[in-house]
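Please read the following report alongside the sequence and the three-dimensional view. It goes through the sheet, the helices, the aromatic rings and some backbone details in turn.

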Amino acid sequence: MQGFDVGARLRQLRNARGLSQRELAKRAGVTNSTISLVEQNSVSPSVSSLKKILDALPVSISAFFAGDELSQPRPFYPAAELTEIGDGHLSWRLVAARRPDRSMSIIHERYPPGADTGEEMLEHEGEEGGVVISGTIEITVNGEVAVLGAGDAYYFDSRLPHRFRNPGETECVIVSANSPPTFSEGGQELHHA
């Protein structure tokens with residue numbers, strides 16, 4: 001999301017919970033300097049690092065980027081209204097981020113060449129699946145690795161350690177869903193991402 005101040009938003013949420021940088025770092029399992037550098041916008045955290053920090057608050061990735069206000073449920077969402085929850089390198093645009101009582105997450109994902117969700121595997125409650133629209137993506141699920149191309153799909157238990165990486169020369173586009181929307185709703189102690 002162009003112009004989104006990750007550092008200021010993290011600082012706002014940390015201060016609202018009365019946490020020092022040191023305490024948040026301890027809860028998230030990251031160094032004090034990581035929190036400081038993110039709040040100063042000196043580094044752009046990977047999705048897995050940001051998820052780990054937000055889970056320690058706890059705040060969902062979608063609430064982090066969308067703000068806390070809810071919107072009225074409605075059936076259609078123009079492309080410009082999808083909420084960016086990616087890390088600045090890869091793009092994850094969430095459908096209906098502010099919809100109250102959302103029971104699933106639908107995400108339009110874009111991975112530029114070399115993009116990676118991070119060496120630390122993602123783990124969260126629920127199930128997820130998706131279809132590759134274009135490009136290629138290498139997906140690791142519980143130690144099993146596959147490279148998928150346009151038209152290929154995946155579906156797995158999200159509690160299994162998983163990672164997405166674009167090994168190709170072109171952007172990879174995926175449309176995915178997970179239910180319940182735990183990845184984008186955060187707050188699960190068992191998340192490692």
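## A hairpin and the basis of the model

Strands β1 and β2 form a hairpin with 6 residues between them, and Gly88 in the turn has a positive phi of about 100°. Helices (H or I, at least four residues) and strands (E, at least two) are DSSP runs, numbered from the N terminus.

This is a predicted model, in which local features need pLDDT of at least 70 and side-chain atom pairs count only at pLDDT 80 or more, while totals for chains, interfaces and linings use all residues. Residues are numbered from 1 along each chain as its sequence is written, and side-chain values use heavy atoms, with hydrogens and water left out.

## The open sheet

The hairpin strands belong to an open sheet of 6 strands with antiparallel pairing, in the order β1-β2-β3-β9-β4-β7. Its edge strands are β1 and β7 (153–157), each of which pairs on one side only; two strands are said to pair if DSSP finds at least two bridges between them.

Strand β1 (residues 83–84) is joined to β2 by 2 bridges in the antiparallel sense, and Glu84 stands opposite Arg93 in β2. On β2 and strand β3 (residues 105–111), the antiparallel pairing runs over 4 bridges, with Ser91 opposite Arg110 in β3. Strand β4 (residues 127–134) pairs with β7 in the antiparallel sense over 5 bridges, and here Gly129 stands opposite Tyr155 in β7.

## Two faces of strand β2

In a regular strand the side chains alternate between the two faces of the sheet. In strand β2 (residues 91–94), Ser91 and Arg93 point one way whereas Trp92 and Leu94 point the other way, and all are buried. Buried means under 20% relative accessible area, exposed means over 50%, and partly exposed lies in between (1.4 Å probe, protein chains only).

## Aromatic rings and a nonpolar patch

Rings of Phe, Tyr and Trp (its six-membered ring) pair if their centres lie within 6.5 Å, and planes under 30 degrees apart count as stacked, over 60 as edge-to-face and the rest as tilted. By this rule the count comes to 5 aromatic pairs. The rings of Phe156 and Phe164 have planes at 40° and centres 6.5 Å apart, so this pair is tilted. Phe156 counts as buried at 7% relative accessibility, and Phe164 counts as buried at 2%. Ring pairs also link Trp92, Tyr111 and Tyr154 with Phe156 and Phe164 into a cluster.

At the surface, Met104, Ile106, Val131, Ile133 and Val175 make a nonpolar patch of about 380 Å². Patches are made of residues with over 30% relative accessible area and no salt bridge, like charges being joined within 9 Å and nonpolar side chains (Val, Leu, Ile, Met, Phe, Trp, Tyr) within 5 Å. A salt bridge is a side-chain nitrogen of Lys or Arg within 4 Å of a carboxyl oxygen of Asp or Glu, and accessible areas come from the Shrake-Rupley method with a 1.4 Å probe, where for residues only the protein chains shown count as cover. Val175, whose place is in strand β9 (residues 172–179), is partly exposed, with a relative accessible area of 36%.

## Helices α2 and α4

In helix α2 (residues 21–28), the residues Leu24, Ala25 and Ala28 are buried. They cover an arc of only 100° around the axis, which puts them on the same side of α2; the arc is that of the directions from the helix axis to the C-beta atoms. On the other side of α2, Arg22 and Lys26 are exposed.

Helix α4 (residues 47–55) is mostly covered, with 8 of its 9 residues buried. Among them are the charged-group residues Lys51, Lys52 and Asp55, as well as Val47 and Leu50.

## Backbone details in the loops

Most residues other than glycine have a negative phi, and most peptide bonds are trans. The peptide bond from Leu57 to Pro58 is cis, with omega near -20°, and Pro58 is found in the loop between α4 and α5 (61–66). The bond from Ser179 to Pro180 is also cis, with omega near -10°, and Pro180 has its place in the loop between β9 and α6 (182–185).

Asn41 has a positive phi of about 60° although it is not a glycine; Asn41 lies in the loop between α3 (32–39) and α4 and is partly exposed, with a relative accessible area of 42%. Asn142, in the loop between β5 (136–141) and β6 (144–149), likewise has a positive phi, near 55°.
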